[in-house]
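Let's walk through this structure together, one region at a time. Keep the sequence and the model side by side as you read.

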Amino acid sequence: MTIFIRALTGVLLTFSLFSAQAHEHQPQPAQATPVHHAQGIIKKITPQTVTIAHQAIADLNWPPMTMQFALSAPVSLTAGERVDFTFVQDDSGYRIVSLTALR
C-alpha cells in the first residue's frame, strides 16, 4: 500500500508541475490601447491630419496645447470649429478615433 501511495503522489506531483509549466507559457492577452478624450478647436485640417488646440487632458497629465493628429478617414469639418474628440497613441503617433463638431 505504501508503494502505491508513493507512486500516486509522484504521478500527481509530476502532473502538477507539468500543468504549472504549461500555464506559464500561455500567451498573455494584449493590453487594450487606452482611448483619450478631449475638446478643442480645429486650427488646420488636411485629408490625412487635423491640428487641434485642445484643453488640458488630465489622464495624460497634459496641459492645454496645440498638436497634430493623424486621421483614419476624411472628415467634413473646417478650421475654427469647436470639437469633441477621442484619440489613441499607436506606432506612428496620435490618431483620431472620433471627431465631432460641438454645436
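Glycine 40 has valine 83 in E4 as its bridge partner. Their pairing belongs to a set of 6 bridges between E1 and E4, two strands that run antiparallel. Please keep in mind throughout that you are looking at a predicted model. E1 has another antiparallel partner in E2, to which 5 bridges join it. There you can find isoleucine 42 standing opposite isoleucine 52 of E2. To get from E1 to E2, the chain passes through a hairpin with 3 residues in the connection.

Now step back to the whole chain. The protein has 1 helix and 5 strands, and reading along the sequence gives the pattern α-β-β-β-β-β. Of its 103 residues, 24% are buried. Among contacts with a separation of 6 or more, 43% are between residues 24 or more positions apart. The exposed surface comes to about 7600 Å², with carbon and sulfur atoms supplying 60% of that area.

With the strands in view, look for what lies between their side chains. As a general point, side chains in a regular strand alternate between the two faces of the sheet. The largest nonpolar core here holds 16 residues, and those touching the most other members are Ile52, Phe69, Phe85, Ile96 and Leu99. Two or more residues of this core come from each of strands E1 (36-45), E2, E3 (65-70), E4 (82-90) and E5 (93-101). You have already met Ile52, as the residue opposite isoleucine 42.

Phenylalanine 69 is a good residue to select next. Leaving aside residues up to four places away in sequence, it touches Gln48, Thr49, Val50, Ile52, His54, Phe85, Phe87, Tyr94 and Ile96. Three of the names picked out in the core, Ile52, Phe85 and Ile96, are on that list of contacts.

His54 is on the list too, and it deserves its own visit. Is histidine 54 buried or exposed? Its relative accessibility is 3%, and because buried means under 20%, histidine 54 counts as buried. It lies in strand E2, which covers residues 49-54. Around histidine 54, again not counting residues up to four places away, you will find Gln39, Gly40, Trp62, Pro63, Pro64, Met65, Met67, Phe69 and Phe85. Gly40 is the residue with which this tour began, the bridge partner of valine 83.

From Trp62, one of the contacts of histidine 54, you can move on to the aromatic rings. The structure has 6 aromatic pairs. In one of them, the rings of tryptophan 62 and tyrosine 94 have centres 5.3 Å apart and planes at 85°, so this pair is edge-to-face. The two partners are 32 residues apart and link distant parts of the chain, with tryptophan 62 in the loop between E2 and E3 and tyrosine 94 in strand E5. Tryptophan 62 is buried, at a relative accessible area of 17%, whereas tyrosine 94 is partly exposed, at 26%. Ring pairs also bring more residues together: Trp62, Phe69, Phe85, Phe87 and Tyr94 are linked into a cluster.

Next to Trp62 in sequence, asparagine 61 is worth a look at its backbone. Asparagine 61 is not a glycine, yet its phi is positive, about 65°. This residue lies in the loop between E2 and E3 and is exposed, with a relative accessible area of 71%.

Finally, turn to the charged side chains. How many salt bridges are there? The count comes to 2. One joins glutamate 81 to arginine 103, with the closest N and O atoms 3.5 Å apart. This pair links distant parts of the chain, 22 residues apart: glutamate 81 is in the loop between E3 and E4, and arginine 103 is in the segment after E5. Their surroundings contrast, as glutamate 81 counts as buried at 18% relative accessibility, while arginine 103 counts as exposed at 87%. Aspartate 90 and arginine 95 also meet in a salt bridge, at 3.0 Å from N to O. Here aspartate 90 is partly exposed, at 28%, and arginine 95 is partly exposed as well, at 29%.

Note on methods: Residues numbered from 1 in each chain as written. Predicted model: local features only at pLDDT ≥ 70, side-chain atom pairs only at ≥ 80, totals over all residues. Heavy atoms only, no water. Helix = DSSP H or I, 4+ residues; strand = E, 2+ residues; numbered from the N terminus. Buried < 20%, exposed > 50% of the residue type's maximum accessible area, 1.4 Å probe, protein only. Contact = heavy atoms within 4.5 Å. Core = buried A, V, L, I, M, F, W, Y, C linked by side-chain atoms within 4.5 Å. Phe/Tyr/Trp six-rings, centres within 6.5 Å; stacked < 30°, edge-to-face > 60°. Pairing = 2+ DSSP bridges. Areas by Shrake-Rupley, 256 points an atom, 1.4 Å probe, with all protein chains shown as cover. Salt bridge = Lys/Arg side-chain N within 4 Å of Asp/Glu carboxyl O.
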